[in-house]
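Subject: Structure handover and notes

Dear colleague,

Please find below the structure that I am handing over to you, followed by my notes on what was found in it.

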Amino acid sequence: MAVRWVAGFVLVCFTGAFLTCTSVMGQLSPDYYADTCPDLESVVKSIVDSAVDNETRLAASILRLHFHDCFVGGCDASLLLDDTDTFTGEQQALPNRNSVRGFEVINNIKSALEDIEGCSGIVSCADILTVAARDSVVKAGGPSWTVELGRYDSLTANQSLANTNLPSPFSDVPGIIAKFVNVGLNETDVVALSGAHTFGKAQCGSFSRRLFNFQNTGAPDPTLAPDYLAILQGRCPQGGNGSVLNDLDQGTPTTFDNSYYNNLLINKGLLISDQELESASDSTIEGLVTSFASDQSQFFAQFVLSMLKMSAIAPKSSSEGEIRTDCRFVNSGQDLVASM
Ligand code: HEM
Ligand SMILES: *[C@@H]1O[C@H](CO)[C@@H](O)[C@H](O)[C@H]1NC(C)=O
Ligand SMILES: *[C@@H]1O[C@H](CO)[C@@H](O)[C@H](O)[C@H]1NC(C)=O
Ligand SMILES: *[C@@H]1O[C@H](CO)[C@@H](O)[C@H](O)[C@H]1NC(C)=O
Ligand SMILES: *[C@@H]1O[C@H](CO)[C@@H](O)[C@H](O)[C@H]1NC(C)=O
């Protein structure tokens, strides 16, 4: 049975010195922990800030963790569950294996919160990841927004759903759009959220098929700028190490800005799924790419709206989930159900 989540909710936005948006939807609210764990946001921010100060890439890695959590059964920390002898989670699914990272930051935040009276046993791992993703964007120079809280953590995970629901970097635009529509997002969200590829890194294996024999043509992907192609061929030679890392945004690799879209306009998108946004001749999508490239504030405003939508995919209620004490395991061993 195909399950469809509709992120149906109303957004109320006030534009001023800051863009403030409130999503009015069921159980989520910005002040969910105001009485129980008022220190939540300051604890998350300080641990994210120090982790990123030590290793810049972690900002990108944490944002991606949130995306890969939300697209698979909703934002419920299912991705954070470790495999055990009796449990198979999502971390070894193809889009995640040897690729998603930053788990230790979320686990450290959880254990810090468990040591605080009031917060112990109260704050979900799904909410921690949502706040940490926002703080990671801010830390890298991107926009800030008010995060909605009140998600419960999943009781299980689903590896095959992770393989099914997450978009492939080899996909064309209709394929990418379909994965977003499947979770209640739309074309505008595809373009705005793809802007996350303005920071972080990708392995050669995620794009090397573009470099030498693209689609069995015997030639590179013609949508790659020649000077960029030469750099990438040098970093990712044929038969070379597919795990070598490359900046997703060559220009400003650690800054959250709109340079991703300017890269697309000059044929310097790294992944096939990136460059396709400009090269696929979809006028709605190209129009958004052009607007975001020329106006960073327009990108930031739409990125915030689209993040609020993504973070609101299928939040679990108290009857559907629990508050984990350790993000890596469900609370009771008896709840373990391997889903393959
Ligand atoms: C549009 C469809 C998308 C595809 C096909 C895609 C695919 C990928 C791939 C293949 C990588 C590199 C993985 C590796 O080589 O190990 C990557 C990295 C990344 N993705 Fe996406 N992605 C998409 C959308 C998103 C969205 C919606 C977000 C967040 C809002 C996001 C955030 C990131 C970040 C920040 C990185 C770098 C992570 C790091 O350095 O650890 N991506 N993505
Ligand atoms: C800092 O980052 C390095 C990897 O870049 C890691 O090995 C080390 O454990 C980190 N230190 C702290 C305190 O997080
Ligand atoms: C896991 O996801 C698959 C779709 O890939 C679905 O068919 C299956 O029912 C799910 N398993 C559970 C236990 O929800
Ligand atoms: C996408 O959804 C938003 C509301 O969430 C809406 O404002 C926008 O017009 C939609 N875009 C497209 C291309 O359907
Ligand atoms: C491949 O590259 C990765 C990342 O740079 C490195 O950790 C690994 O040791 C390399 N593997 C080989 C066989 O050289």
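I begin with His68, which lies in helix α2 (residues 58-70), where helices are DSSP runs of H or I with at least four residues, strands are runs of E with at least two, and both are numbered from the N terminus. His68 counts as buried because its relative accessibility is 4%; buried means under 20% relative accessible area, exposed over 50% and partly exposed in between, with a 1.4 Å probe and protein chains only. Leaving aside neighbours within four places in sequence, His68 is in contact (heavy atoms within 4.5 Å) with Leu79, Pro95, Asn96, Val100 and Leu166. Of these, Leu79 is 11 residues away from His68 in sequence and 7.2 Å away in space, C-alpha to C-alpha.

Before going further, please note that this is a predicted model, in which local features need pLDDT of at least 70 and side-chain atom pairs count only at pLDDT 80 or more, while totals for chains, interfaces and linings use all residues. Residues are numbered from 1 along each chain as its sequence is written, chains are lettered from A and ligands numbered from 1 in the order in which they are written, and side-chain values use heavy atoms, with hydrogens and water left out.

Turning to the metal, the iron atom of ligand 1 has His197 (NE2) as its only protein donor, at 2.1 Å, donors being N, O and S atoms within 2.8 Å of the metal (3.2 Å for Na, K and Ca); water is not among the atoms, so sites may look incomplete. His197 is found in the loop between α7 (187-194) and β3 (201-203), and Thr198 lies in the loop between α7 and β3 as well.

Thr198 also appears in the UniProt record, an unreviewed entry, which places the feature "binding site" at Thr198, Asp249, Thr252 and Asp257; the positions are given in the numbering used here, feature names are shortened, and annotations may be inferred rather than shown by experiment. These four residues span 60 residues in sequence, yet no two of their C-alpha atoms are more than 9.9 Å apart, so they gather at one spot. Thr198 is buried, at a relative accessible area of 0%, whereas Thr252, in the loop between β4 (245-247) and α9 (259-265), is partly exposed at 28%. Not counting residues up to four places away in sequence, Thr252 touches Thr198, Asp257 and Ser259.

Best regards
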